[in-house]
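Hi,

Here is the structure I said I would pass on. Could you have a look at it alongside my notes below?

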Amino acid sequence: MIGTDIELAAKFLNEGLTVGIPTETVYGLAANALNEDAVISIFKIKKRPFFDPLIIHVDSIQEAKKYVENFPEKALLLAEKFWPGPLTLLLQKNDKIPYLVTSGSDKVAVRVPNNPLTLSLLKQVSFPLAAPSANPFGYISPTRAEHVQEQLGNFVPYILDGGISDVGLESTIVDCTSDIMTVLRLGGLPVSEIETCLGEKLLVKISANSNPDAPGQLDKHYSPNTAFVLSDNLDKSIMKHKGRKIAILNFGQGHISPQIYALNLSETGSMDEAAHNLFHFMRQLDALKFDVIIAKKLPEYGLGMAINDRLTRASVK
Ligand code: TXA
Ligand code: MG
């Protein structure tokens with residue numbers, strides 16, 4: 001069921017059930033983070049391996065402090081500047097958070113999402129919400145209540161409809177547990193903004209292969225069922241796939257033959273608009289069952305880096 005009834009959503013969560021929740025990044029599949037059975041049902045519904053830890057969602061810095069050993073000064077600076085918003089902080093957890101949530105780690109990922117319905121819901125319940133993106137493991141993340149309904153509707157009693165996710169990319173994750181702040185996932189908040197806030201450079205370690213601290217950052221992820229290719233030269237890639245039914249995920253100006261089906265993430269070249277459209281357009285193209293989707297690589301700065309990260313993982317076979 002899809003709706004906007006916060007009381008009903010809270011009732012299901014209090015009973016230990018899962019609820020689809022809107023956030024500004026992507027929709028989440030939420031449950032009481034302090035209830036192990038409820039947390040297990042998240043993993044089951046998503047078919048997610050237990051080694052891939054969950055982010056907990058709270059409504060304020062004050063609430064976040066209840067679940068961590070300490071809140072380092074730099075982390076506090078970031079929380080004050082960017083929460084509610086697309087930033088997740090990795091902090092030392094305390095005993096209240098089950099190891100099931102963190103996949104056995106002593107660190108917990110926390111954020112305050114920026115969506116009015118979800119913030120009201122968080123105020124109604126007395127626990128933090130563990131919530132991964134509300135898609136089957138490995139598939140494209142959802143940015144609308146309908147996306148959640150299509151794939152998980154049969155398994156989730158309620159989906160809170162907060163409209164289209166504004167940002168459209170998952171949160172940026174920063175490990176704040178050592179003095180060297182480290183980015184574990186590129187996301188909706190550009191690294192440059194975090195660096196400006198702190199007045200220092202961050203370390204970026206985003207490959208699962210090179211970084212055991214970032215479980216779940218698998219090379220193949222965000223993947224449509226259709227073959228997916230990332231290209232820095234569309235004409236060349238189109239030639240290469242000649243004879244097949246091709247769809248293009250374009251960005252900015254640049255002519256494509258009108259015979260080829262194309263969606264443009266942003267004709268004006270806006271990174272914000274491209275992020276906002278990304279997952280919806282990937283889902284639309286996937287549903288049309290072309291032989292191959294060719295996506296144009298974005299410029300490597302700002303949100304372009306996070307978008308290219310998603311496109312690269314989507315293209316891994
Ligand atoms: O924007 C978002 O962050 C969305 C919305 C729903 O809040 N959530 C989201 O969750 O993207 P999910 O489950 O799709 O990605 C969570 C990732 C994990 O795969 C892992 O890389 C990292 O966050 N993570 C979570 N807890 C962690 C921990 N304790 N240590 C290291 N990495 C962690
Ligand atoms: Mg996810």
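What follows is what I found, going from the overall layout to the sheet, the helix pairs and two backbone details.

First, a caveat: this is a predicted model, so please read everything below in that light.

Starting with the layout, the chain splits into domain 1, covering 2-204, and domain 2, covering 227-314. Their C-alpha centres are 28 Å apart. Where the two meet, domain 1 puts 23 residues into the contact and domain 2 puts in 15 residues.

Now the sheet. It is an open one built from 11 strands with mixed pairing, and the order across it is S1-S8-S2-S3-S7-S4-S6-S5-S9-S10-S11. At the edges sit strand S1 (2-3) and strand S11 (203-204), each of which has a pairing partner on one side only. If you want to check the S1 edge, look for strand S8 (residues 158-160): S1 and S8 run parallel and are joined by 2 bridges. One residue pair to click on there is Gly-3 with Leu-160, its bridge partner in S8.

On to the helices, where I looked at three pairs.

The pair I'd open with is helix H10 (residues 271-287) against helix H11 (residues 303-314). Their axes are 9 Å apart and the packing angle is about 20 degrees. An angle under 35 degrees counts as roughly parallel, so that is how H10 lies relative to H11. Met-271, Asp-272, Ala-274, Ala-275, Leu-278, Phe-279 and Met-282 make the contact from the H10 side, while H11 brings Leu-303, Gly-304, Ile-307, Arg-310, Leu-311 and Ala-314. Sorted by class, the H10–H11 contact has 10 nonpolar residues, 1 polar and 2 charged. As for handedness, H10 and H11 cross in a left-handed way.

Next is helix H4 (residues 73-82) with helix H8 (residues 191-198). Here the axes are 10 Å apart and the angle is about 120 degrees, so H4 and H8 count as oblique to each other. The crossing of H4 and H8 is right-handed. From H4, the residues involved are Lys-74, Leu-77, Leu-78, Lys-81 and Phe-82, and they meet Glu-193, Ile-194, Cys-197 and Leu-198 of H8. The contact of H4 with H8 has 6 nonpolar residues and 3 charged ones, with no polar residues.

The last pair is helix H1 (residues 6-14) and helix H6 (residues 116-124), whose axes come within 10 Å and cross at roughly 50 degrees. H1 and H6 are therefore oblique as well, and H1 passes H6 in a right-handed crossing. H1 contributes Ile-6, Glu-7, Ala-9, Ala-10 and Leu-13, and H6 contributes Leu-117, Ser-120, Leu-121 and Gln-124. That H1–H6 contact comes out as 6 nonpolar, 2 polar and 1 charged residues.

Finally, two backbone details. Most residues other than glycine have a negative phi, and most peptide bonds are trans. Which peptide bond is cis here? The one joining Trp-83 and Pro-84, with omega at about -10 degrees. You'll find Pro-84 in the loop between H4 and strand S5 (87-92). Then there is Ser-103, a residue other than glycine with a positive phi, near 55 degrees. Ser-103 is in the loop that runs between helix H5 (99-102) and strand S6 (107-111).

Over to you, and shout if anything is unclear.

Cheers

Conventions. Residues numbered from 1 in each chain as written. Chains lettered and ligands numbered in written order. Predicted model: local features only at pLDDT ≥ 70, side-chain atom pairs only at ≥ 80, totals over all residues. Heavy atoms only, no water. Pairing = 2+ DSSP bridges. Helix = DSSP H or I, 4+ residues; strand = E, 2+ residues; numbered from the N terminus. Axes fitted to C-alpha atoms, helices over the stretch in contact; angles between N-to-C directions. Parallel < 35°, antiparallel > 145°, perpendicular 65-115°, else oblique. Left-handed = near helix turned anticlockwise from the far one by under 90°. Contact = heavy atoms within 4.5 Å. Nonpolar A, V, L, I, M, F, W, Y, C, P; charged D, E, K, R; others polar. Domains from an automatic or database assignment.
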